[in-house]
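Student: Could we go through this model together, beginning with how its parts touch one another?
Tutor: Certainly; please bring up the sequence and the structure.

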Amino acid sequence: MTAIRIHSKPLNKTIEVNRLIGSHKGNPNGPTLIFTGGIHGNEPAGVFALKSVLEELKQLNPEFNGNLYAISGNLSALEKGVRYNKADLNRMWTKEKLAGLEDDKVISFNDELVQQKEIFDIMQDILSKEKGPYYFFDLHTTSGETAPFITVNDSLINRKFTSLYPVPLILGIEEFLDGPLLSYINELGYVAFGFEGGQHDSPKSIEYCRSFIYLTLSFTGCLSPEDANEAEHLISLKKVMNFRNKFFEIIYREEIEPDDKFIICDGYLNFQKVPKGTIIAINNGKQLETPYRGYIFMPLYQGKGNDGFFIIRKTPVFFLKLSAFLRKISFDRLLVALPGVNWRSETREELVVDLKIARFFTRKFFHLMGYRSKQKDSTHLKLKNREAVSKGEDYKNAPWNK
Ligand SMILES: [Zn+2]
């Protein structure tokens with residue numbers, strides 16, 4: 001795609017952006033960082049933040065260890081200020097759909113497929129010409145007001161790296177979404193997660209995204225903590241809310257259909273505590289209550305989307321430690337000795353559990369082992385192991401992993 005113009009309401013500023021927002025090259029022995037912004041077209045804050053950080057790096061030219069790439073997401077939707085045109089660019093990254101990208105005739109009918117191919121190709125190109133370790137970060141914003149937070153697929157390297165940030169960490173959102181970009185990259189085994197910087201058009205969102213980018217440059221060792229202004233950016237994110245770097249898990253998702261008349265009851269804030277049975281929203285004239293106590297998460301306030309709201313709960317520290325231990329000793333290798341539990345393939349990435357036989361297993365139990373359930377027919381759970389593909393070795397000399 002050719003360059004397009006993107007407007008920021010809070011900055012009242014328009015900039016021109018290409019598929020590659022920009023890159024910054026330093027010492028080639030350092031890591032390679034790949035940021036994406038604007039995968040959703042009504043979320044320009046990440047693009048503006050990336051562009052401004054790249055400009056500052058160019059101007060100040062601090063000592064830089066590694067490479068930084070910033071890639072734009074849904075350019076045509078960004079230009080129009082809408083989430084997407086035909087298809088959500090953050091729900092298209094399944095193996096099946098990626099295989100379809102090879103047919104140029106098919107993709108030419110869908111603007112988002114054309115763009116997905118461009119993003120895919122540029123990432124492949126970076127992975128082939130730069131050496132690791134690689135890191136991927138996807139910048140988003142939300143429809144409702146929120147303090148910044150991180151969404152992360154639950155692998156041990158992701159947990160360890162994300163716990164450096166002073167914001168809430170939401171584990172396991174990928175179980176509820178089909179084909180987000182980051183799940184695809186996580187399946188390649190890299191450190192990869194999403195940062196939600198605040199409300200779409202809040203002036204603070206760009207600032208929070210900038211703080212996130214600078215902290216990331218410091219944590220990965222690209223910049224010194226001084227050059228990244230680490231202390232200042234930590235404070236700016238820390239002061240937003242009381243939940244510091246606590247892990248949360250999604251326990252409930254309210255799914256809505258495209259034609260539903262869904263209205264969140266006014267005044268709910270992200271991370272607000274709610275008792276079981278609280279009325280959260282009205283859908284098609286019917287009151288929706290939360291079936292669980294917890295914290296309301298990502299209430300849908302406007303625009304397109306099929307997630308009405310989520311309910312999350314803090315993950316106990318005990319559980320985090322136990323699961324890390326069980327994964328380190330590959331406890332799952334013993335599970336297949338049990339009736340009804342089998343590897344799906346020889347690579348031992350996926351388990352199939354026959355629920356008729358192994359009734360006593362719950363999803364929660366497999367979470368302990370680092371598995372995330374992918375699909376479930378009436379009798380079978382298909383579970384994918386994040387640790388089996390994790391490239392933990394690549395990061396063994398990283399400053400955060402010592
Ligand atoms: Zn988004």
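Student: How many residues of domain 1 are in contact with domain 2?
Tutor: In domain 1, 17 residues are in contact with 15 residues of domain 2. Two residues count as in contact if their C-beta atoms, placed from the backbone, lie within 7 Å. Please note that this is a predicted model, in which local features need pLDDT of at least 70, side-chain atom pairs count only at pLDDT 80 or more, and totals for chains, interfaces and linings use all residues. Residues are numbered from 1 along each chain as its sequence is written.

Student: Which strand gives the most to that side of domain 1?
Tutor: Strand β8, residues 169-171, gives the most to the side touching domain 2, with 3 residues. Helices (H or I, at least four residues) and strands (E, at least two) are DSSP runs, numbered from the N terminus.

Student: And what classes of residue are on that side of domain 1?
Tutor: The side of domain 1 that touches domain 2 has 9 nonpolar, 6 polar and 2 charged residues. Here Ala, Val, Leu, Ile, Met, Phe, Trp, Tyr, Cys and Pro count as nonpolar, Asp, Glu, Lys and Arg as charged, and the others, Gly among them, as polar.

Student: Where do the domains run, then?
Tutor: The assignment for the protein chain gives domain 1 as 4-245, domain 2 as 248-314 and domain 3 as 317-389. Such bounds come from an automatic or database domain assignment. The centres of domain 1 and domain 2, taken over C-alpha atoms, are separated by 26 Å.

Student: Turning to sheets: what is the strand order in the one with 11 strands?
Tutor: The order is β3-β5-β4-β6-β9-β7-β8-β10-β16-β15-β12, in an open sheet with mixed pairing. Two strands pair if DSSP finds at least two bridges between them. β3 (20-25) and β12 (273-274) stand at the edges with a single partner strand each, so one side of each has no neighbour in the sheet.

Student: Which helix packs on it?
Tutor: Helix α1, residues 45-60, packs on that sheet and touches β3, β4 (27-37), β5 (65-72), β6 (134-142) and β9 (191-199). The direction of α1 makes about 35 degrees with that of β3. For such angles, axes are lines fitted to C-alpha atoms, for helices over the stretch in contact, and angles run from 0 to 180 degrees between N-to-C directions.

Student: Back to β8: in which sense does it pair with β7, parallel or antiparallel?
Tutor: Strand β7 (residues 149-152) and β8 pair in the parallel sense, over 3 bridges. I150 stands opposite L169 in β8.

Student: What about the sheet with 3 strands?
Tutor: That sheet is open, has the order β11-β13-β14 and is paired antiparallel. Its edge strands are β11 (262-264) and β14 (286-289), each pairing on one side only. From one strand to the next, the twist averages 30 degrees. Between β11 and strand β13 (residues 279-283) there are 3 bridges, and F262 has N283 in β13 as its bridge partner. β13 and β14 are joined by 4 bridges, with I279 partnered by E289 in β14.

Student: How many residues lie between β13 and β14 in their hairpin?
Tutor: There are 2 residues between them, and N284 in the turn has a positive phi of about 50 degrees.

Student: Where else is the backbone unusual?
Tutor: Most residues other than glycine have a negative phi, and most peptide bonds are trans. N61 has a positive phi of about 45 degrees although it is not a glycine, and N61 lies in the loop between α1 and β5. A cis peptide bond joins G132 and P133, with omega about -5 degrees. P133 is in the loop between α5 (111-129) and β6.

Student: Finally, at what angle do α1 and α8 pack?
Tutor: They pack at about 50 degrees, with their axes 8 Å apart. The two helices are therefore oblique to each other; angles under 35 degrees count as roughly parallel, over 145 as roughly antiparallel, 65 to 115 as roughly perpendicular and the rest as oblique.

Student: Which residues of α1 meet α8?
Tutor: A45, G46, F48, A49, L50, S52 and V53 in α1 meet S205, I206, C209, R210, I213 and Y214 in α8. By class, this contact has 9 nonpolar, 3 polar and 1 charged residues.
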